[in-house]
Amino acid sequence: MKKIITSEVFKYLFFGVLATIVYMGTRLIVFSIAESATLSAVIANITAIVFAFFTNDYFVFNQARKGWFKRLIKFAVARLSTLILDLVLAYLLVTKFPHIIGQFVGDNLSMVNAIETLFAQVLVIVLNYVLSKLLVFKDKK
């Protein structure tokens, strides 16, 4: 059990879930105020990117302190690609074609946004791990 809990994949998933909670909470709060899927996705992504970088850098990939700023830049650039995916999905499934999901939830826009958010985050988490592992976190302690 200890080996599983201390594995990189487990730690990535654990902190990924926390980052997703930060993201989803931020997005849902901003959406309830602004009722804009794209604005809420941008603000939530910025918040989640900062949270995810520091948890991944320190806890998941056990990086040396030296070079953290360079990794932050790489991390932010990698996450921008997933932000684009998130924005495209938010625009298409919440703003442009909400009935695709809405037909299952009585066209309740808040539910459409919540479902699309969850769907998008599954895709984003997988892609973010691959990008982080292959491109960003290479400086082990």
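Here is a walk through this structure, from its two domains to the core and the salt bridges between them. Keep in mind that the model is predicted.

Let's start with the overall layout. The domain assignment splits the chain into domain 1 (1–63) and domain 2 (65–140). Their C-alpha centres lie 10 Å apart, and the contact draws on 25 residues from domain 1 and 30 residues from domain 2. Put the two together and about 2,600 Å² gets buried, with carbon and sulfur atoms giving 65% of that area. On the domain 1 side, Tyr12, Phe53 and Gln63 lose the most area to domain 2, and together they make up 25% of what that side buries.

Now for the nonpolar part. In soluble globular proteins, nonpolar side chains tend to be buried together. Here the largest nonpolar core has 13 residues, and the members that touch the most others are Val60, Phe61, Phe75, Val136 and Phe137. At least two residues of this core come from each of helix H2 (8–34), helix H3 (37–60), helix H4 (68–96) and helix H6 (109–136). H3 gives the largest share, with 4 residues. Where does this core sit relative to domain 1 and domain 2? Both domains give residues to it, so the core lies between them.

If you want to zoom in on one core member, try Val136. Leaving aside residues up to four places away in sequence, Val136 touches Arg71, Lys74, Phe75, Ala78 and Leu131. There is also another core, apart from the largest one, with 9 residues that include Phe31, Leu93, Ile101 and Ala120.

Helix H4 is worth following from end to end. At 1.5 Å a residue, its 29 residues should span 42 Å, and the end C-alpha atoms are 39 Å apart, which agrees. Its buried residues are Arg71, Phe75, Ala78, Arg79, Thr82, Leu83, Asp86, Leu89, Ala90, Leu93 and Val94. Why might buried positions in a helix recur at such intervals? An α-helix has 3.6 residues a turn, so residues three or four places apart point the same way. As for what covers the buried residues of H4, the list includes H2, H3, helix H5 (99–102) and H6.

That list of buried H4 residues has charged side chains in it, among them Arg71 and Asp86, which brings us to the salt bridges. There are 5 salt bridges between domain 1 and domain 2.

Take Arg71 to begin with. Asp57 forms a salt bridge with Arg71, and the closest N and O atoms are 2.6 Å apart. Asp57 lies in helix H3 and Arg71 in helix H4, so the pair ties together parts that are 14 residues apart in sequence. Both Asp57 and Arg71 are buried.

Asp86 has a partner too: Arg27, with the closest N and O atoms 3.5 Å apart. This pair links helix H4, where Asp86 sits, to helix H2, where Arg27 sits, across 59 residues. Asp86 and Arg27 are buried as well. Arg27 also meets Glu116 in a salt bridge, at 2.8 Å from N to O. Put those together and you have a network of salt bridges linking Arg27, Asp86 and Glu116.

One more pair to look up is Lys133 and Glu8, whose side chains meet in a salt bridge at 2.7 Å, N to O. Lys133 is in helix H6 and Glu8 in helix H2, 125 residues apart. Are the two buried or partly exposed? Lys133 is partly exposed, with a relative accessible area of 37%, whereas Glu8 is buried at 19%.

Conventions
Residues are numbered from 1 along each chain as its sequence is written. This is a predicted model: local features need pLDDT of at least 70, side-chain atom pairs count only at pLDDT 80 or more; totals for chains, interfaces and linings use all residues. Side-chain values use heavy atoms; hydrogens and water are left out. A nonpolar core is a set of buried Ala, Val, Leu, Ile, Met, Phe, Trp, Tyr and Cys residues joined through side-chain atoms within 4.5 Å. Buried means under 20% relative accessible area, exposed over 50%, partly exposed in between (1.4 Å probe, protein chains only). Domain bounds come from an automatic or database domain assignment. Contact means heavy atoms within 4.5 Å. The expected span of a helix is 1.5 Å times one less than its number of residues. A salt bridge is a side-chain nitrogen of Lys or Arg within 4 Å of a carboxyl oxygen of Asp or Glu. Buried area is the accessible area (1.4 Å probe) that two parts lose on being put together, summed over both.
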